[in-house]
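Let's take a walk through this protein, looking at its buried side chains, its ring pairs and its empty spaces. Here is the structure to follow along with.

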Amino acid sequence: MTSTSTSTSSLERAFAGVADNYRGSDVDLHAVYAAMRRDSPVVAENFMAGLGVPNIAGQDANRPTFTVFKYRDVMAVLRDATRFTSGFIAEGLGAFFDGLILTGMDGEEHRRARALLQPVFMPDVVNRWKPKMDAIIRNEYLLPLAASKRADLMDFALHFPIRLIYSLIGFPENDPQRINQVAAWALAILAGPQVDPEKAVRAREAAMEAARMLYDAVKEAVVQVRAEGATGEDLISRLICAEYEGRQLNDHEITTFVRSLLPAAGETTTRTFGSLLVLLLERPELLERVRNDRALVGKAIDEAVRYEPVATFKVRQAAEDLEIDGVHIPKGAMVQAIVMSANRDEESFEHADRFDIDRKAKPSFGFGFGPHMCIGQFIAKTEMQVALNAVLDLLPNLRLDPAKPAPRISGAQLRGPHEVHVVWD
């Protein structure tokens, strides 16, 4: 086996391992959540743990936990970062990043850090990068694939977002083997939190080792970009030139910031794009409609994010005693906001269980909401737009492969399909 294929297989193993770690119980979650919205919209329990999903919130299992299922309550929790805080994440998943993780910051610290990172993810920067995205997707992935007439498009979905985002960050583009290995380390960190206590010890050690390797790889890229003058549009160049709290960042700080972004950098885009493909391929008339009217591509992506969100829940901590729907939540308690349930709330979305790209625009929570809304959501949506347009251009008469099992969107967290087997003419 070549070194390139070795790094590719380690990436694929890491991606599959993360999916397995967060899969949870194999039940009809949409039916479960519909019943909870109707009968028990706020419950005093760690609902996701009951489904077998590991805790990313640190090691204190004795914190009381409440779970909310309705749109209005999820909205209230996610939009109010003063009463519902996120600092606890620095104790859990953040421990693999020396506590410096954007999703685990609160208040002024979060505002300043986000202001530092946000510019590279803004539409004006990302849109300038679209021609490069398009060339990479077509020339490196889809044109070489076109003649084969059949594929598992999850292979494509796994690799193209990683190739794109690592280039945007500032990694050298002439070493795909290195990028695959770095991406595998980033994904391995997500397997750190575990349900099984015995597995948790080993997984934590493996995740800490992956975090160290990831730090070294990012540091190498930072040093190289600085040595070359940091003149590019990439994130590392911008951080080198930026000021933070009245001073410029050193290489360690830049490395730590960048490292904290990498685990989710390709993960969410991959799974969302996979679900988008499944939802369109299951509806051939809709797929043809989108093929003939590319103005609908963005609507299809937004509806896929609502209909089958990858991150199915968000967790916050009550900063004071408060009430949700008449239920008392004590200060310090954890609050699980079930995004997947809120996105199908019948009181907020007409025909909520219908995949309808023509529905009136309304906020959903697939990329979060409020101050902690995903910083990379615009680039993720842009990558998917470019990729879907290229797929529709280069793979004519795309359809599900009748010789293979139909794809299935699954997972209690980090939700998406594992395979999307297709054929084309």
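Start with I357: its relative accessibility is 5%, so it counts as buried. Keep in mind that this is a predicted model. I357 is found in the loop between α16 (339-342) and α17. Leaving aside residues up to four places away in sequence, I357 touches L286, R289, V290, L296, K299, A300 and E303. Take V290 from that set: it is 67 residues from I357 in sequence, yet the two C-alpha atoms are 9.8 Å apart in space.

Now for a pocket. The second largest one has a volume of about 350 Å³. It is lined by 19 residues, and D302, E303, A361, K362 and S364 are the closest to its centre. Two elements, α15 (297-307) and α17 (377-394), give two or more residues each to this lining. The largest share, 5 residues, comes from α15. By class, the lining of the second largest pocket holds 7 nonpolar, 3 polar and 9 charged residues. E303 turns up twice here: I357 touches it, and it is also among the residues closest to the pocket centre.

On to the rings. The whole structure has 12 aromatic pairs. Two of them are set out below.

| Pair | Centre to centre | Angle between planes | Type |
|---|---|---|---|
| Y71 and F365 | 4.9 Å | 45° | tilted |
| F160 and F273 | 5.3 Å | 85° | edge-to-face |

The Y71 and F365 pair links distant parts of the chain: Y71 is in helix α4 (residues 71-79), F365 is in the loop between α16 and α17, and 294 residues separate them. Both Y71 and F365 are buried. The other pair joins F160 in helix α8 (residues 153-169) to F273 in helix α13 (residues 267-281), so it ties together parts that are 113 residues apart in sequence. F160 has 0% relative accessibility and therefore counts as buried; F273 is buried too, with a relative accessible area of 0%.

Y71 and F365 also belong to a cluster, in which ring pairs link them with F349 and F369. F349 has a charged partner as well: the charged end of R306 sits over its ring, 5.1 Å from the centre. A similar arrangement involves R344, whose charged end sits over the ring of Y307, 3.7 Å from the centre.

Those last two residues lead to H30, which lies in helix α2 (residues 29-39). H30 touches Y307, E308, M340, R344 and R415, again not counting residues up to four places away in sequence. Is H30 buried or exposed? Its relative accessibility is 16%, and the cut-off for buried is under 20%, so H30 counts as buried.

Finally, the closed spaces. There are 2 cavities of 30 Å³ or more. The largest has a volume of about 60 Å³, and of its 13 lining residues, I162, L187, P263, G266 and E267 lie nearest its centre. Helices α8, α9 (176-190) and α13 give two or more residues each to that lining, which divides into 10 nonpolar, 2 polar and 1 charged. Helices α8 and α13 are also the ones that carry F160 and F273.

The second largest cavity has a volume of about 40 Å³. A19, R23, R271, S410, G411, Q413, L414, G416 and H418 line it, and by class they come to 2 nonpolar, 5 polar and 2 charged.

Methods. Residues numbered from 1 in each chain as written. Predicted model: local features only at pLDDT ≥ 70, side-chain atom pairs only at ≥ 80, totals over all residues. Heavy atoms only, no water. Helix = DSSP H or I, 4+ residues; strand = E, 2+ residues; numbered from the N terminus. Buried < 20%, exposed > 50% of the residue type's maximum accessible area, 1.4 Å probe, protein only. Contact = heavy atoms within 4.5 Å. 1 Å grid on protein atoms, 1.4 Å probe; cavity = no way out; pocket = protein on both sides within 12 Å on 5 of 7 lines; lining within 4 Å. Points joined across faces, edges and corners; volume = space filled by probe spheres on them. Nonpolar A, V, L, I, M, F, W, Y, C, P; charged D, E, K, R; others polar. Phe/Tyr/Trp six-rings, centres within 6.5 Å; stacked < 30°, edge-to-face > 60°. Lys NZ or Arg CZ within 6 Å of the ring centre and 35° of its normal.
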